[in-house]
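Thanks for coming. I have one structure to go through today, and I will keep it short.

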Amino acid sequence: MRSRFPWHVLVFLAPAVLVYTAFSAWPLVDTLRLSAYGTDADGVVSYVGLANFRTLLFDAQWFESFRNALLNNVKFFVIHSLVQNPVALVLAALLSLRGVRGAAAYRTVLFLPTLLSVVIIGFSWQLILSPLWGVSEKLLGFVGLQHWFEPWLGMEETALPTLTLMSVWQFVGIPMMLIYAALIAIPDDIVEAATVEGAGPWRIFWAIRLPLILPTLGLVNILTFVGNFNAFDLIYAVKGASAGPNFSTDLLGTLFYRTFFGYQSQPGSATMGAALATLMFLVILAGVALYLFIVQRRLRRYAL
């Protein structure tokens with residue numbers, strides 16, 4: 001009997017494939033193509049090969065901007081990894097315990113900031129941290145720490161960590177819910193067997209629950225990496241495209257914006273912007289590949 005071709009599967013997948021191709025695959029391919037072209041003083045676009053990449057990586061001014069943005073992105077990701085994900089793990093572990101009153105309300109409150117506009121988040125935190133009319137200095141004064149207060153958003157040393165912690169506050173609900181879903185999916189039989197054997201809550205968490213959710217933790221880290229290296233909106237909402245003070249909060253996203261669209265005295269260049277976007281894509285691709293071929297392989301070996 002001849003097998004029939006599954007046309008219904010193609011019909012089912014066609015809308016998703018068309019949307020993905022139109023809004024993701026084709027723009028990516030066209031960006032790679034555009035990065036190999038250059039624009040002269042008369043506005044004529046011509047093929048230049050790898051000239052744009054040589055300019056970005058070997059021209060002193062361009063490379064300094066790229067290096068600064070890349071290092072800031074690394075700091076942005078490291079703070080998220082060391083603060084956001086551990087806090088999300090602790091919150092998810094607490095909310096997944098049996099008998100926690102109001103757990104659903106807590107989950108809603110913790111996840112709510114992720115639904116707010118980043119403009120609202122940025123403006124609200126600017127008001128809170130303002131040295132002129134903000135309430136943060138008074139709040140610190142209630143516990144005798146008013147001398148700790150400084151204009152954190154206006155200092156080069158503290159502007160990026162402050163913005164990163166604002167991002168952590170807004171998005172901690174996403175990894176929390178992912179980890180929470182993995183924790184409640186653990187079969188009760190395993191936990192009950194450990195309880196019968198005399199294991200306490202901490203022993204059960206560290207020896208049983210945590211190893212079982214390691215793949216989810218790996219997924220959370222890689223999603224954090226991709227999201228952080230595409231970050232743009234919070235920096236732009238709080239500091240604008242200049243990413244001040246003195247580019248201390250400049251990320252690859254804001255550098256791409258200034259390069260592609262231009263800003264103040266810097267003229268925009270679609271071809272140089274495409275080259276920078278290509279480098280951003282390669283950085284993200286390298287990070288994801290490192291995770292898939294090293295971290296994920298070890299997790300599978302551990303699971304076996």
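I will go through the pockets, then the salt bridges, then one loop, and finish with a patch on the surface.

Please keep in mind throughout that this is a predicted model.

Let me start with the pockets. The largest pocket has about 620 Å³ of space. Its lining is made of 21 residues, and those closest to the centre are A93, S96, L97, P201 and R209. Which elements give two or more residues to that lining? They are α3, residues 60-95; α8, residues 173-184; α9, residues 188-196; and α10, residues 201-212. Helix α10 gives the most, with 6 residues. As for character, the lining divides into 14 nonpolar residues, 3 polar and 4 charged.

The second largest pocket has a volume of about 450 Å³. It is lined by 18 residues, and the closest to its centre are Q61, S65, F247, R258 and Q266. Helices α3 and α13 each supply at least two residues of this lining, and the most come from α3, with 5. Here the division is 6 nonpolar, 9 polar and 3 charged. So α3 turns up in both linings: it is among the contributors to the largest pocket, and it gives the most to the second largest.

Please hold on to R258 from that second list, as we will meet it again shortly.

Next, the salt bridges. As general background, side chains of opposite charge can pair when their charged atoms come close. How many salt bridges does the structure hold? The count is 5, and I will take three of them in turn.

One is between the side chains of E64 and R67, at 2.8 Å from N to O. Both residues sit in helix α3, 3 residues apart, which is about one turn of the helix. E64 is partly exposed, at a relative accessible area of 39%, and R67 is also partly exposed, at 33%.

Another pairs R98 with D188, where the closest N and O atoms are 3.6 Å apart. R98 is in the loop between α3 and α4, the latter being residues 103-111, while D188 is in helix α9, so this pair ties together parts that are 90 residues apart in sequence. R98 is exposed, with 67% relative accessible area, whereas D188 is partly exposed, at 42%. This pair does not stand alone: R98, D188 and E192 are linked in a network of salt bridges.

Now back to R258. Its side chain meets that of D250 in a salt bridge, at 2.8 Å from N to O. Are these two buried or exposed? D250 has a relative accessible area of 1% and is buried. R258 is buried as well, at 5%. The cut-off for buried is under 20% relative accessible area, so both values qualify. R258 is therefore a buried residue that is also listed among those closest to the centre of the second largest pocket.

On to the loop between α12, residues 233-239, and α13, residues 252-261, which is where P245 is placed. In general, most residues other than glycine have a negative phi, and most peptide bonds are trans. With that in mind, look at the bond joining G244 and P245: it is a cis peptide bond, with omega about -5 degrees.

Which residue in this loop has a positive phi of about 50 degrees although it is not a glycine? That is A243, which lies in the loop between α12 and α13. N246, in that loop too, has a positive phi near 55 degrees, again in a residue other than glycine. Their surroundings can be set side by side: A243 is buried, with 0% relative accessibility, and N246 is exposed, with 58%.

Last, the surface. A nonpolar patch of about 390 Å² is made by L28, L32, F281, L282 and L285. Where does the patch come from? Two helices, α1 at residues 7-34 and α14 at residues 270-303, each supply at least two of its residues. The largest share is from α14, with 3 residues. One of the patch residues, F281, is in α14 and is partly exposed, at a relative accessible area of 31%. Residues need over 30% to be counted in a patch, so F281 meets that cut-off.

That is the end of my part. I will take questions now.

Terms used. Residues are numbered from 1 along each chain as its sequence is written. This is a predicted model: local features need pLDDT of at least 70, side-chain atom pairs count only at pLDDT 80 or more; totals for chains, interfaces and linings use all residues. Side-chain values use heavy atoms; hydrogens and water are left out. Patches are made of residues with over 30% relative accessible area and no salt bridge: like charges are joined within 9 Å, nonpolar side chains (Val, Leu, Ile, Met, Phe, Trp, Tyr) within 5 Å. Accessible areas come from the Shrake-Rupley method with a 1.4 Å probe; for residues, only the protein chains shown count as cover. A salt bridge is a side-chain nitrogen of Lys or Arg within 4 Å of a carboxyl oxygen of Asp or Glu. Helices (H or I, at least four residues) and strands (E, at least two) are DSSP runs, numbered from the N terminus. Buried means under 20% relative accessible area, exposed over 50%, partly exposed in between (1.4 Å probe, protein chains only). On a 1 Å grid over the protein atoms alone, a cavity is a set of points where a 1.4 Å probe fits but cannot get out, and a pocket is an open set with protein on both sides within 12 Å along at least five of seven lines; lining residues have an atom within 4 Å of a point. Grid points are joined across faces, edges and corners, and a volume is the space filled by probe spheres set on the points. Ala, Val, Leu, Ile, Met, Phe, Trp, Tyr, Cys and Pro count as nonpolar, Asp, Glu, Lys and Arg as charged, and the others, Gly among them, as polar.
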